[in-house]
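Me: I would like to learn how to read a protein model. Could you take me through one, feature by feature?

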Amino acid sequence: PGCSAAETQQVLAAEDAQAAGGPVHVAYAADRRVFVGLLASMLSVARHASDLGGLRFHLILDQRDLEVGVDLVDCFLGSLHGKRPAPSVELHELRPLPFNATDLSKLQRYRREFLKPHPF
């Protein structure tokens with residue numbers, strides 16, 4: 001109850017991977033405008049995981065948001081109230097696309113809505 005469809009899918013995928021015995025990697029690409037929702041989603045996944053220590057969160061953030069991202073990680077881990085083993089959380093810097101996405105708009109065989117650059 002109270003979980004979105006996306007959160008439910010994350011939890012089910014986590015359970016399947018944990019049953020297979022491996023770590024569960026959960027990746028988010030976000031900026032500081034959505035950190036409240038990001039924190040809520042991370043806590044939901046952690047709350048429903050059967051093995052906290054098997055969770056590996058990867059946060060892909062713009063360079064300008066990395067410092068605030070460290071605070072987000074501290075808040076997340078603090079919200080677990082010392083539960084051990086704690087999940088790992090890694091911050092990754094968002095890198096620019098290795099090509100100029102605006103050049104793709106010159107090709108007519110692509111649908112226009114797919115040509116909007118998404119740098120994650």
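Reply: We start with the ground rules, then go through strands, a core residue and salt bridges. This is a predicted model, where local features need pLDDT of at least 70, side-chain atom pairs count only at pLDDT 80 or more, and totals for chains, interfaces and linings use all residues. Residues are numbered from 1 along each chain as its sequence is written, and side-chain values use heavy atoms, with hydrogens and water left out.

Me: Which strand pairs with strand 1, and in what sense does it run?
Reply: Helices (H or I, at least four residues) and strands (E, at least two) are DSSP runs, numbered from the N terminus. Two strands pair if DSSP finds at least two bridges between them. Here, strand 1 and strand 2 run parallel, joined by seven bridges. For example, His-25 has Arg-56 in strand 2 as its bridge partner.

Me: How does the chain get from strand 1 to strand 2?
Reply: The path goes through helix 2, and this β-α-β crossover is right-handed. To judge the hand, point the strands away from the viewer: right-handed means that the path from the first strand over the helix to the second runs clockwise.

Me: What lies on the way from strand 2 to strand 3?
Reply: Helix 3 does, and the three elements make a right-handed β-α-β unit. Strand 3 covers residues 88-93 and pairs with strand 2 in the parallel sense, over six bridges. In this pairing, Phe-57 stands opposite Val-89 of strand 3.

Me: Why is strand 2 described as largely enclosed?
Reply: Look at accessibility. Buried means under 20% relative accessible area, exposed means over 50%, and partly exposed is in between (1.4 Å probe, protein chains only). Strand 2 is largely enclosed by the rest of the structure because five of its seven residues are buried.

Me: Leu-59 lies in strand 2. Is Leu-59 buried or exposed?
Reply: Leu-59 is buried, because its relative accessibility is 1%. Now check its contacts (heavy atoms within 4.5 Å). Leaving aside neighbours within four places in sequence, Leu-59 touches several residues, including Tyr-28, Leu-38, Leu-72 and Val-89. Sequence distance and space can differ, so take one pair as a case: Leu-59 and Glu-93 are 34 residues apart in sequence, with 8.4 Å between their C-alpha atoms.

Me: Where is Leu-38, one of those contacts?
Reply: Leu-38 sits in helix 2. Leu-38 counts as buried, because its relative accessibility is 5%. With neighbours within four places set aside, its contacts are Tyr-28, Ala-30, Leu-59 and Leu-72.

Me: How many salt bridges are there?
Reply: Side chains of opposite charge can pair when their charged atoms come close. The rule asks for a side-chain nitrogen of Lys or Arg within 4 Å of a carboxyl oxygen of Asp or Glu. By this rule there are three.

Me: Which residues form them, and how accessible are they?
Reply: Asp-65 pairs with Arg-32, with the closest N and O atoms 2.6 Å apart. This pair links distant parts of the chain, 33 residues apart: Asp-65 is in the loop between strand 2 and helix 3, and Arg-32 is in the loop between strand 1 and helix 2. Asp-65 is buried at 7%, while Arg-32 is partly exposed at 43%. Arg-33 bridges to Asp-31, also with closest N and O atoms 2.6 Å apart. Arg-33 is exposed at 72%, and Asp-31 is partly exposed at 23%. Asp-62 meets Arg-64 at 2.8 Å, N to O. Asp-62 is partly exposed at 22%, and Arg-64 is exposed at 67%.
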